[in-house]
Amino acid sequence: MTPLAGALLEWVTAETEQNDGPPVLMMSGPQGAGKSTAIRQVDASSDLRLACLSLDDFYHTAAERRALSNSTHPLCATRGPPGTHDLQLLGDVLDSLQNGSAGTHIFSPVFDKRIDDRVAREEWRQLAVRPNAILIEGWLMGVHADALASKSRPINELERDEDPNGIWRAWQEDALSREYSSLWPRADAFLHVVPADFDFVKGWRLQQEASLHGVSTTDLPSETVEWVSRFIEHFERLTKRLANGDGYAGLRYSLDQQRRLSRS
């Protein structure tokens, strides 16, 4: 079990013991931090009945994001930033898990990143209603909106080159101030995993790509390295915001470059 999994198990167990009904627990952390691995290990080792959800599975479909890119800004087609998730669907799943009849099951969506789209409904995951706890992980869980972000200076090449007027940033902040700010209060507790330095995120994301292709990071093609560098810039502003504590209060852990964990 990874150190993050151990900390997560301890947190989930304590929060479950402190709540009468199934608590909704939200976990944030940047790309490559090891959230998915930790949750799989906790789910496999805990005696608790957990409903484990990933915000990634609730992306809008490719067609919906293409429509957003045509109506709002081309960057809206890229999955991940606020505004690209179907929070109505997530809310419906949460309602069913919390209020459905014990002994029944519901279906929760699955998003396939290889095709950049949601899979057909018959391939969705089946979850037992009324679990001991509901755990939702996502890179931006609990982050606060910043109405001034669209008027501030770009912080990376992506913002400078593709969003110089702040339209895409304004769209994200509007989403955060509306539907996301309505989701966060549903949490009974938050756990935030933050990088000690944002530059570590690129290395972790490159490790993911290398593992996916069965090669070392040094053997990744230059175009893959360039793609990863650009991709993580979509998330830099809000990742740094959470690292600075600008989000819902909760248990916080910092990760160093080797993903070693410390309380922060």
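Q: Which side chain does the side chain of serine 28 make a polar contact with?
A: In this predicted model, the side chain of serine 28 makes a polar contact with the side chain of histidine 192, at 2.7 Å. Serine 28 sits in strand β1.

Q: Is serine 28 buried or exposed?
A: The cut-off to keep in mind is that buried means under 20% relative accessible area. Serine 28 comes out at 1%, so it counts as buried.

Q: What does serine 28 touch, once we skip residues up to four places away in sequence?
A: Its contacts are Lys35, Gly138, Trp139, Met141, Leu191, His192, Val193 and Leu242. Histidine 192, the polar partner, is on that list.

Q: How should I read the two faces of a strand like β1?
A: Start with the general idea: in a regular strand the side chains alternate between the two faces of the sheet. Now the case here: Val24, Met26 and Ser28 are on one side of β1, and Leu25 and Met27 are on the other. Both faces are covered, with these residues all buried. Five of the five residues of β1 are buried, so the strand is largely enclosed by the rest of the structure.

Q: And in what order do the strands form the sheet?
A: Strands of a sheet pair through backbone hydrogen bonds, either parallel or antiparallel. In this model six strands make an open sheet, ordered β2-β7-β1-β8-β9-β10, with mixed pairing. The edges are β2 (50–54) and β10 (261–263); each has a single partner strand, so one side of each lacks a neighbour in the sheet. From one strand to the next, the twist averages 20°.

Q: How many bridges link β1 to β7, and how many link β1 to β8?
A: With β7, β1 pairs in the parallel sense over five bridges; one to look up is methionine 27, whose bridge partner in β7 is glutamate 137. With β8 (residues 189–195), the pairing is also parallel, over four bridges. There, methionine 26 has phenylalanine 190 as its bridge partner.

Q: Which helices lie on the sheet around β1?
A: Take α9 to begin with: it packs on the sheet and touches β1, β8 and β9 (251–255), its direction making about 115° with that of β8. Then there's α4, which lies across β1, β2 and β7 (133–138) and runs at about 180° to β2.

Q: While we're on β8, what is alanine 189 in contact with?
A: Alanine 189 is found in strand β8. Leaving aside neighbours within four places in sequence, alanine 189 contacts Trp11, Glu15, Val24, Leu25 and Met26. At 11% relative accessibility, alanine 189 counts as buried. For a look at how the chain comes back on itself, try the C-alpha atoms of alanine 189 and valine 12: they are 177 residues apart along the chain and separated by 9.4 Å.

Q: Let's move to a helix. Why does the span of α6 agree with what we should expect?
A: Count 1.5 Å a residue: the 17 residues of α6 (residues 167–183) should span 24 Å, and the end C-alpha atoms are 24 Å apart, which agrees. Still, α6 bends by about 40° at leucine 176.

Q: Which residues of α6 are buried, and what do they pack against?
A: The general idea first: an α-helix has 3.6 residues a turn, so residues three or four places apart point the same way. In α6 the buried ones are Trp168, Arg169, Trp171, Gln172, Glu173, Ala175, Leu176, Tyr180 and Leu183. They pack against β1 (24–28), α3 (62–71), α4 (87–99), α5 (157–162) and α9 (236–243).

Q: Where is glycine 103?
A: Glycine 103 lies in the loop between α4 and β3 (105–108). With a relative accessible area of 69%, glycine 103 is exposed. Its C-alpha atom and that of leucine 176 are separated by 35 Å, with the two positions 73 residues apart along the chain.

Q: Last one: which phi values should I check in the loops?
A: Look at aspartate 116, where phi is near 55°, a positive value in a residue other than glycine. Aspartate 116 is in the loop between β4 (111–112) and β5 (117–118), and is partly exposed at 25% relative accessible area. Arginine 130 also has phi near 55°. Arginine 130 lies in the loop between β6 (125–128) and β7 and, at 39% relative accessibility, counts as partly exposed.

Terms used:
Residues numbered from 1 in each chain as written. Predicted model: local features only at pLDDT ≥ 70, side-chain atom pairs only at ≥ 80, totals over all residues. Heavy atoms only, no water. Expected span 1.5 Å × (residues − 1). Bend = angle between axes of the 7 residues up to and from the residue. Buried < 20%, exposed > 50% of the residue type's maximum accessible area, 1.4 Å probe, protein only. Contact = heavy atoms within 4.5 Å. Polar contact = N/O pair within 3.5 Å; in protein donor to acceptor, adjacent residues only side chain to side chain. Pairing = 2+ DSSP bridges. Axes fitted to C-alpha atoms, helices over the stretch in contact; angles between N-to-C directions.
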